[in-house]
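Me: I would like to go through this structure term by term, asking for each label what in the model justifies it. Please set each value against the cut-off it has to meet.

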Amino acid sequence: MKFSANWIAELAPGLAVKPHELGALITTKTAECEGTEAYAPFLDHVRLARVLDVRPVEGSKNVHATIDAGPLGRKQVVCGAPNCRAGILTAWVMPGAELKGGRKIGTAQVSGLESEGMLAAGDEIGVNREHDGILEFSEGAPGDPLPGIAPDHIIEIDNKSLTHRPDLWGHLGMAREVAAITGVALRDPVPEVEWAGEPPLRVEIEDYELCPRYSALVFENVTIGPSPLWLQYRLESIGLNPISNIVDVTNLVMAELAQPTHAFDADLLKGSTIYVRRARPGERVQALNEEEYALDGQALVISDEGGAEAIAGVIGGRPTGIHSGTRRVVLESANFQAASIRKTSSRLKLRTDASMRFEKAQDPHNTVRALARCWELFQMVSPGIRLAGGLVDNAAPVKPPPVIRLDLAWLNRKIGRAVDRQEVERILRSLAFGVEPEGAEALAVTAPSWRATKDISIAEDLVEEIGRMIGYASIPPRPPLAPSEPPPDSPEREYQYELRRRASAQGFTEVYNYSFLSEELAQRFGFPPEEHIQVLNPIASDQGLMRISLVPRIVRNIEDNARHMDSFRLFEMGNEIHKRAGATDDGLPAEIPHLVAALYAKDGGGEAGLFELKRLAGILAPGVEVSPAGAARCFEHPRRAWTLKSHGETVGRVFELHPSHCEHGRGAILDLDVAALFRLRPAPVKYKPLRRFPVSEFDLSVVAGSRVEAGVVRSLLLRAGVPTLLGVEFVGQYEGAPLAADEKSLSFRVTLGAADHTLSADEITAGREQAIAAVQAAGYQLRM
Amino acid sequence: MSLADTLQELKESATGRIARASSLDELEAIRVETVGRKGVLAGAGKEMAQVAKDERAAMGQLLNAVKAAIESALEERTSAFQAAALTARLDAEWMDLTVPAPGVNPGALHPVTQVQRYLEDVFTSMGFAVLSGPEVETEFHNFDALNIPPTHPARDMQDTFWLEGGRLLRTHTSPVQVRGMKRLGAPLRMIAPGRVFRNEEVDPSHEHTFYQLEGMMVDREVSIAHMLYFMKTLLKEIFQREVTVRLRPGYFPFVEPGFELDIQCLLCGGGGCAVCKYTGWVELLPCGLVHPNVLRAGGIDPGEWNGFAFGLGLTRLAMMRYGIDDIRLLQSGDLRFLNQFR
């Protein structure tokens, strides 16, 4: 929202703060100022001048004009405007001016003639957007500054910081803040008007919830034409486009009082009743922006006997709009329910200056004030205009604003420093709150109507009013009194950090990936799209599903990084999000933390990477065991996929990517269920006494088929039932003569021992024989 | 030749040969030949018996002296050879440690993880519990419980990712306020870092997925003055220096009053520069006193308790700390970027 500093100063007479300081004051006390910029500073170098005579310039469309700039003398200027003619009063830009975009105006040779400065069109000096001719003024004396058109400053306020303040969507509201901050008086621009006469229109309101008030006036003998230039300049300076006198006044009043109004051509409305009702489903409105909108049954419309003529609070209709021949005007000034306007405007994707204001919950008391101000201005811009009849005003009874009890001791405790009672009262009154004493310790406070619609309802709201006006900088920071006790710990979080720390220590770099994936990507990995939670309004179609596995994005990471590196390691810790309900009591989807590590090497057969991931698994989850996965998934190498188990429970998977998912080089992936690992995490270590008696070791070499896993044979040995068995370690394997081509020999070192004695030769022999018997029972031969 | 002369000569020839010896082996041979158990001196010892009784003592002394001289010469030369051999071995063991060490270099933790971890430590040391909340949330926790009425613009389709079944992806970490209050009750000090989602187009300064850290303190007497103190202390820890802060009004439905907290620009010290857009201040975090409706939603009586809450942009802090100018890099998985944070 753009505010004119000149305008604010007119409403807060006596204001002695420079525009830039004003922006800073508003930021610290009211709302965020995004910047303050000089607007048309060059107007100091622009004066009224009368064209005395005009001479054609040979071979050019330009003319050479003599102008009278009053006390500044007569000047010669070259001008190309078609309306440059003797007698008109226009804007003369003096040499030395610097216009928009750094355009310097001096004494120049134009068409071979000297031009002292130039005569200006509206767009050249920021008055309006016209470039068809030079400006023409109807009053003022040559040599004077342009009437009502002075250098200004525009203060831009962040709209978000005005969300809760309907009143700050007009200059009067901001001027009230400025007056309260600086201690000057506020001037209300709305005249007192005695309305007389019968209402010339009937208004029927279907639902007062949606439209608490609808006020209107009817005008006749209207002349449509351009607004006075001062009015056009004012609108232009705050970014509104001047259109015509009647429309410009409604926009000016909206920018002043925050109350949007709408002017209909009365002769184009059918019948003499205005209906405020919900749209009929499918009902269409041709809007002023030249679009046609189809409405549903929830939108509110302004209708005549013929049908909807405007979308209430959002935009007027084109067929009944003001045009150059308009003679009679119905001026609507209504109040609409904020939520309804916001819904309609977001459904139509149409945000207008009106809808932005109504969706902040405007003050119903403001409708008639806006009419009074428009009436005053209409008389200035359309001479001869008359009121037809009296005020039309259909309103639901307005609830009086609640009386809020403000306990002064409580206020001081909330702020953290004492604020004088007189100071509290002064601040509240300067912001137009009603203040009555309520005993010695409290005040009875009533919010002004424009703050009571949504903004102010409880005592906490008043803490903000007092706090911001005394200045938050005046509150000395104070340490809170709080028990110094250690916070409850979060072991799961600590566990996850430990995993991350270990993974990175092993050379894996942490990546973050999105929680979304596309249907196509899910399908490529064989994950059925219907198993994913769908995003109803994804940013892009490739982000429509919530991930049930981190793997697809990790594979994307591999593809991306393989373009720059021959080998790398990475991992991600993140949540899988599943459709089934999780552990929370509100039935939310299960969010399962997973750690997925990946290793890529452009060269090599892939074994080293898989072993490295196995090692990583053991470091992250000590004691985890690898076993063949059985069926591999479509993105896994069919012979290189294993499940990882801890305490018999599956906690993850390690695999090499199928060549179809990793075209160049080898990619291996470790996927761990961190929730399961956390549940199965090792108990704190309990010390075991050091062994006092020596152990015995012997090696066994077992001949097995070349695809028999060493782990299978090892577990045979472990489960052989040898009572003195302490451990079995894989030593190595051998293939080649004299073994058959499809055979290999696996060697293990078996350790026997007892806690309370040194094993006898018999015990050792018995153990050895029992181990061998177990291997042989499973069909394996021993290699001697 | 007398025995004395023989000994004298032996001493001279042995020490001469020792001095000329060129290896440890040669020295050993000389040792065996001269002072060894079957060596010349041992033989001379046997001749002692034939020496006249009155000369025997003097001759014994001479023999010992010769032996000592030879042994000392052997000793000296042996040490010299050993020292030379050690020197030669060590010299041969020259190596080049400027080549890369075998094995794998450590990887990096994500910059946001590092910043988050640091902040968690700071907060834990100040008595705050670290809580987690779900990424998929209910409308109640994400909006209603936070005093965001159904008509608030934050609920518009353009801000929130909606999921089937009326669920949504949390748009902030604030829902954990209510979850935390319900779980821990009052008094309460908690933070909740985590991933949040906004339905926004991605560009160098906007992401639809980013990280926040929610903080909340609930106690019997909590004022703006307390919040200010706390924020100053916290920011001093974060930035490792004194920071000047200011509060200004800010509107967030779940706090009343609500503030934007600015810090004086750390780059220019408040004088004005491009980073602070020549205002001297940098907007850092929203905060405020917890709205009574939010306390109620958390099952805490606002007549008895009150508190403050704040939200830190973890992603933004990480970008500030490491000078990252494109937010998209954080979710890019690009190791050329991430490996810089080792």
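Reply: What follows takes up the interface, the salt bridges, the cores, the strands and one helix in turn, and the model in question is a predicted one.

Me: What makes the pair Glu164(B) and Lys579(A) a salt bridge?

Reply: A side-chain nitrogen of Lys or Arg has to lie within 4 Å of a carboxyl oxygen of Asp or Glu, and the closest N and O atoms of Glu164(B) and Lys579(A) are 3.9 Å apart, so the pair meets the criterion. The pair crosses between chains, running from Glu164(B), in the loop between helix H6 (139-142) and strand E3 (168-169) of chain B, to Lys579(A) in strand E31 (residues 567-581) of chain A.

Me: Why is Glu164(B) called partly exposed?

Reply: The class takes in residues that are neither under 20% nor over 50% relative accessible area, and Glu164(B), with 30%, is therefore partly exposed. Its partner Lys579(A) stands at 44% and so belongs to the partly exposed class as well.

Me: How many salt bridges are counted between chain B and chain A?

Reply: The count between the two chains is five, while a search of the whole structure finds 69 over all chains. A salt bridge also joins the side chains of Arg117(B) and Glu494(A), with 2.8 Å from N to O, a value that satisfies the 4 Å limit.

Me: What area is buried between chain B and chain A, and which residues supply 9% of the area that chain B buries?

Reply: About 7,000 Å² is buried between the two chains, and carbon and sulfur atoms give 58% of it. Glu164(B), Pro249(B) and Leu335(B) supply 9% of the area that chain B buries against chain A, more than any other three residues. The contact takes 87 residues from chain B and 80 residues from chain A.

Me: How do you know that Arg405(A) forms a salt bridge with Asp407(A) and also with Glu438(A)?

Reply: The closest N and O atoms are 3.8 Å apart for Arg405(A) and Asp407(A) and 2.9 Å apart for Glu438(A) and Arg405(A), and both values pass the 4 Å test. Glu438(A) lies in strand E26 (residues 434-438) and Arg405(A) in strand E25 (residues 403-407) of chain A, so this pair ties together parts that are 33 residues apart in sequence. Set against the bounds of 20% and 50%, Arg405(A) at 45% is partly exposed, as are Asp407(A) at 25% and Glu438(A) at 33%.

Me: Why is strand E6 of chain A described as largely enclosed?

Reply: Five of the five residues of E6(A), residues 89-93, are buried, and the strand is therefore largely enclosed by the rest of the structure; buried here requires under 20% relative accessible area.

Me: What makes E6(A) a partner of strand E3 and of strand E11 of chain A?

Reply: Pairing requires at least two bridges. E6(A) and strand E3 (residues 46-56) have five, in the antiparallel sense, with Ala49(A) opposite Thr90(A). Between E6(A) and strand E11 (residues 118-119) there are two bridges, again with the strands antiparallel, and here Trp92(A) has Leu119(A) as its bridge partner.

Me: Which residues touch the most other members of the largest nonpolar core?

Reply: They are Ile669(A), Phe123(B), Leu235(B) and Phe310(B), in a core of 106 residues. Helix H8 of chain B gives the most to this core, with ten residues. Beyond four places in sequence, Leu235(B) touches several residues, including Val243(B), Leu261(B), Ile263(B) and Leu284(B). A second, separate core has 75 residues, among them Leu162(A), Tyr233(A), Leu235(A) and Ile385(A).

Me: Which residues of helix H10 of chain B are buried, and what do they pack against?

Reply: In H10(B), residues 314-322, the buried residues include Leu314(B), Thr315(B), Leu317(B), Ala318(B) and Met319(B), a label that calls for under 20% relative accessible area. The buried residues of H10(B) pack against helix H5 (111-125), strand E4 (188-197), strand E5 (209-219), helix H8 (224-239) and strand E9 (306-313) of chain B. Just after the helix, Gly323(B) takes a positive phi of about 65 degrees.

Notes. Residues numbered from 1 in each chain as written. Chains lettered and ligands numbered in written order. Predicted model: local features only at pLDDT ≥ 70, side-chain atom pairs only at ≥ 80, totals over all residues. Heavy atoms only, no water. Buried < 20%, exposed > 50% of the residue type's maximum accessible area, 1.4 Å probe, protein only. Helix = DSSP H or I, 4+ residues; strand = E, 2+ residues; numbered from the N terminus. Contact = heavy atoms within 4.5 Å. Core = buried A, V, L, I, M, F, W, Y, C linked by side-chain atoms within 4.5 Å. Buried area = accessible area lost by both parts, 1.4 Å probe.
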